[in-house]
Amino acid sequence: MTLPILLDCDPGNDDALGILVAAGHANIALKAVTTGAGHLAGDRTARNGAITLAAANRPDVPVAKGAMLPLVRERLIAGILDLDTALDPERPELPARELDPRHSAELIVDMVSSGAVSTVVTTGPLTNLALALRRAPDIAAKIDRVVILGGSLGLGNKTAAAEWNILCDPEAASIVFGAGAPITLIPVDGSADVGISPELIARTEAISGPIGQFAAELLRSLVTTFRPGVFSPAFMPLNDPIATLVAGDPSLARTVPARVDIELAGKHTYGRSVVDVALRNGLPANADVVLGLDATRVEQAFIDALTRLAHS
Ligand SMILES: [Ca+2]
């Protein structure tokens, strides 16, 4: 029994790895990829999604372009757009899939309301999913689980308070956390122990064929963005593919039920994910929050999914 998922993302080299892992995972049936502005502008993330699905040789999976701007705030620019590796620069020479004519939010509504998809995995700002929930609120009851890579238990990674994916569109995140669908939240400090080590790159590169080479190129590009700080882990975190892997095998993660709300008014804390594991405010838990991962098994699941895709 495979899990039918829709992956909403902002590729992004780590998102692209998430797409490859979703396409190859033994427990997952990837049904659609939706993209929106985030790490790059919306037209670029859509094209990168289309490039990645072409590389994965999955013409059956629709890929859509989505939100160009956050719901309320101005769009944040990542500031690492000058990388000249992997999918950060435009790559006109790479083959790409045709985009689905629907907006990402429309594709989400269609896939969930028809029952084609039971799980939504997000590895970018939550704009598309929030738009879908505003357009068709009844889809919340039809989603078995939303697996969100974003937020933090402690310090943020973009501001002291906020993590990048949530900070890109806090109002959208607030809509998603208030929608009532079961959520698994993978915060940056819950996933930091799975890093892009030289060994992981070597194992990826050892996968035969173009998938291994493409995935290794994406990993190497991500490592160049690593800026070690006071509390940083040893290696650049793997990030986005972890969301797909946890969706495909929840036993990889140790979770705790919690109330998660998004700070929308704070002067210094705008975009913070406020995670209340003690349920002090009397509100019901709305998410299972990941506290830690089995790093060895996550890395093996990553290699297994890419290997399966390479041999498909
Ligand atoms: Ca992302």
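**View 1. Strand S10 sits largely enclosed in this predicted model.** Strand S10 covers residues 287-293, and 5 of its 7 residues are buried, so the rest of the structure largely encloses it. Strand S7 (residues 183-186) pairs with S10 in the parallel sense, over 2 bridges. Strand S8 (residues 253-262) pairs with S10 in the antiparallel sense, over 6 bridges. Look for Val289 in S10: its bridge partner is Leu185, and Val256 also stands opposite Val289.

**View 2. Strands S6 and S7 run parallel.** Strand S6 spans residues 145-149, and 4 bridges join it to S7. Here Val147 stands opposite Thr184 in S7.

**View 3. An open sheet holds 10 strands with mixed pairing.** Their order is S4-S3-S2-S1-S5-S6-S7-S10-S8-S9. Strand S4 (100-103) and strand S9 (273-276) form the edges, each pairing on one side only. On average, neighbouring strands of this sheet are turned by 30° against each other, direction ignored. Helix H2 packs on the sheet and touches strand S1 (3-9), strand S2 (28-35) and strand S3 (63-65). The direction of H2 makes about 170° with that of S3.

**View 4. Helix H9 has the end-to-end span expected from its length.** H9 runs over residues 210-223, 14 residues in total. At 1.5 Å a residue it should span 20 Å, and its end C-alpha atoms are 20 Å apart, which agrees.

**View 5. Several helices help to cover the buried residues of H9.** Those buried residues are Ile211, Phe214, Ala215, Ala216, Leu218, Leu219, Ser221 and Leu222. Their cover includes helix H1 (13-24), helix H2 (42-55), helix H8 (198-205) and helix H11 (295-310).

Notes
Residues numbered from 1 in each chain as written. Predicted model: local features only at pLDDT ≥ 70, side-chain atom pairs only at ≥ 80, totals over all residues. Helix = DSSP H or I, 4+ residues; strand = E, 2+ residues; numbered from the N terminus. Expected span 1.5 Å × (residues − 1). Buried ≥ 20, exposed ≤ 12 C-beta atoms within 10 Å, placed from the backbone. Contact = placed C-beta atoms within 7 Å. Pairing = 2+ DSSP bridges. Axes fitted to C-alpha atoms, helices over the stretch in contact; angles between N-to-C directions.
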